[in-house]
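Colleague: Could you take me through one part of this model in detail, namely the place where two helices meet, and tell me what lies around it?

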Amino acid sequence: MELKVRIPDGIAALAKARGVRVEEYVEDLLTQQVGIRNGVPEVRKPKTAEEIRAWLDSLAQFSEKIPELPDTITRDWIYQEHD
C-alpha cells in the first residue's frame, strides 16, 4: 500500500539525523507502533499478574521520597522550590 502524507519538518530532521530517507524512517515508526516484524504482525500475549505487580512495584520503588500533600494546595506550595 502506498500513502501520500505531509511530513512535518521535525520528522524529516529525525530521519536525516539517522541517515535514512524519510520514507524509511516513517515506515519503521509505523511497524514499531503496530507491532510488525518482517511483514508479520506480532501477537502480544497479555501480561501476567506477576508481570503487572513487578511493573507497579517498579513505579512505586521511590514513593517514600514523595512528600505528603497538604490539605490545601496553594500557589506558594506549588512554587516553594522555585525561589
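Modeller: Before turning to that part, I should say that this is a predicted model, with an average pLDDT of 84 over the chain and a score of at least 70 for 90% of the residues. Among the elements of the chain, helix α3 (residues 49-60) has the highest mean pLDDT, 92, whereas strand β1 (residues 36-37) has the lowest, 68.

The helices in question are α1, residues 9-18, and α2, residues 22-34, whose axes come within 9 Å and cross at roughly 100°. At that angle, which falls between 65 and 115 degrees, α1 is therefore roughly perpendicular to α2. On the α1 side the contact is made by Ile-11, Ala-12, Leu-14, Ala-15 and Arg-18, and on the α2 side by Val-22, Tyr-25 and Val-26. By class, this contact has 7 nonpolar residues, 1 charged residue and no polar ones.

Val-22 and Val-26 also belong to the lining of the largest pocket, which includes Met-1, Leu-3, Glu-23, Glu-27 and Leu-30 as well. The volume of that pocket is about 470 Å³, and its lining has 7 nonpolar, 1 polar and 4 charged residues.

Note on methods
Residues are numbered from 1 along each chain as its sequence is written. This is a predicted model: local features need pLDDT of at least 70, side-chain atom pairs count only at pLDDT 80 or more; totals for chains, interfaces and linings use all residues. Side-chain values use heavy atoms; hydrogens and water are left out. Axes are lines fitted to C-alpha atoms, for helices over the stretch in contact, and angles run from 0 to 180 degrees between N-to-C directions. Helices (H or I, at least four residues) and strands (E, at least two) are DSSP runs, numbered from the N terminus. Angles under 35 degrees count as roughly parallel, over 145 as roughly antiparallel, 65 to 115 as roughly perpendicular and the rest as oblique. Contact means heavy atoms within 4.5 Å. Ala, Val, Leu, Ile, Met, Phe, Trp, Tyr, Cys and Pro count as nonpolar, Asp, Glu, Lys and Arg as charged, and the others, Gly among them, as polar. pLDDT is the predictor's confidence in each residue, from 0 to 100. On a 1 Å grid over the protein atoms alone, a cavity is a set of points where a 1.4 Å probe fits but cannot get out, and a pocket is an open set with protein on both sides within 12 Å along at least five of seven lines; lining residues have an atom within 4 Å of a point. Grid points are joined across faces, edges and corners, and a volume is the space filled by probe spheres set on the points.
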